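Colleague: I should like to go through the reasoning behind the labels assigned to this model. Please set each value against its criterion.

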Amino acid sequence: MSKTMSSGTPVRVRGRHRAESPRRLARINAGTTSGGRYRNAVVAASLGIVAAFSGGAAAGGMVPASSTDAIAGSGPQVSATTDARVDFIRPTINSVSKAQSDQQTKDAAAAAKAELLKTQPVNDPAGAQAYASSQLAKFGWGQDQMQALITLWNRESNWTTTATNSSSGAYGIAQSLPGSKMNSAGDDWQTNYRTQIDWGLGYIKDRYGSPANALAFHYAHSWY
């Protein structure tokens, strides 16, 4: 609003303009204050987050719980304890599996040998003697009888499964006469030295009582 001087020239009233200025400043300041508080709060929060991260790094890499939760939720986590248990179990499983595999291999080899002995003669003097030695106790004899048995059957057959006396027809390690007598110990008597030995030891037990007695009779008569 202006006043007109007597000369007709408008004159601005400066006092009123100055009076209005504080009110306008008050409104501006009020708006600035409310908005400023909001902005200050945002800035403070931002600075707080930065400080938390900075402080955590300086203290050894600690991060706020909310950040840790976010990381943990990003995928499955496996603890060091779980890893240790798994690493401990793996060798145990591997060891058990190897032991089972080795045993299965041995069992398969033994089964294959047993089948071979049933169908094909195996001349294995060392194997035959080892088997005979393992059977002495079943007949009530000690290992002191083994040397007499070795000498006796060396003289008869040289511990050969297929040994055959061309004159009498006696057959096998124990020189059974006829060879078919050994069928009482097993129908594989023609090929399996174990069957022949089982029959021969039984024959010695029943007729002479011990390999030493059978050998003494053999020395005297050249047969037993």
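Colleague: How many aromatic pairs does a search of the whole structure find?

Modeller: The model is a predicted one. Searching the whole structure yields nine aromatic pairs.

Colleague: What makes Y203 and Y208 an aromatic pair, and why is it called edge-to-face?

Modeller: The ring centres of Y203 and Y208 are 6.4 Å apart, with 75 degrees between the planes. Centres within 6.5 Å count as a pair and planes over 60 degrees apart as edge-to-face, so both terms apply.

Colleague: Why is the pair of Y208 and F217 called tilted?

Modeller: For Y208 and F217, the centre-to-centre value is 5.3 Å and the angle between the planes is 45 degrees. Stacked requires under 30 degrees and edge-to-face over 60, so the remaining label, tilted, is the one that holds.

Colleague: Are Y203, Y208 and F217 buried or partly exposed?

Modeller: Y208 has a relative accessible area of 14% and is therefore buried, since the cut-off for buried is under 20%. Y203, at 22%, counts as partly exposed, and F217, at 24%, is also partly exposed.

Colleague: Which residues do ring pairs link into a cluster?

Modeller: The cluster consists of W199, Y203, Y208, F217, W223 and Y224.

Colleague: Which residues lie closest to the centre of the largest pocket, and what is its volume?

Modeller: The volume of the largest pocket is about 230 Å³. Of its 13 lining residues, A170, Q175, S176, L177 and Y224 are the closest to the centre. Y224 also belongs to the aromatic cluster. By class, the lining comprises seven nonpolar, four polar and two charged residues.

Colleague: How do you know that D102 and K98 meet in a salt bridge?

Modeller: Their side chains come to 3.2 Å, N to O. The criterion is a nitrogen of Lys or Arg within 4 Å of a carboxyl oxygen of Asp or Glu, so the contact qualifies. The structure holds one salt bridge.

Colleague: Where do D102 and K98 lie?

Modeller: Both are in helix 3, residues 80-119, and they are four residues apart, about one turn of the helix.

Colleague: Why is K98 called exposed, and D102 partly exposed?

Modeller: K98 has 54% relative accessibility, and over 50% counts as exposed, so the label follows. D102, at 35%, counts as partly exposed, because that class covers values between 20% and 50%.

Definitions and conventions:
Residues are numbered from 1 along each chain as its sequence is written. This is a predicted model: local features need pLDDT of at least 70, side-chain atom pairs count only at pLDDT 80 or more; totals for chains, interfaces and linings use all residues. Side-chain values use heavy atoms; hydrogens and water are left out. Helices (H or I, at least four residues) and strands (E, at least two) are DSSP runs, numbered from the N terminus. Buried means under 20% relative accessible area, exposed over 50%, partly exposed in between (1.4 Å probe, protein chains only). Rings of Phe, Tyr and Trp (its six-membered ring) pair if their centres lie within 6.5 Å; planes under 30 degrees apart count as stacked, over 60 as edge-to-face and the rest as tilted. On a 1 Å grid over the protein atoms alone, a cavity is a set of points where a 1.4 Å probe fits but cannot get out, and a pocket is an open set with protein on both sides within 12 Å along at least five of seven lines; lining residues have an atom within 4 Å of a point. Grid points are joined across faces, edges and corners, and a volume is the space filled by probe spheres set on the points. Ala, Val, Leu, Ile, Met, Phe, Trp, Tyr, Cys and Pro count as nonpolar, Asp, Glu, Lys and Arg as charged, and the others, Gly among them, as polar.
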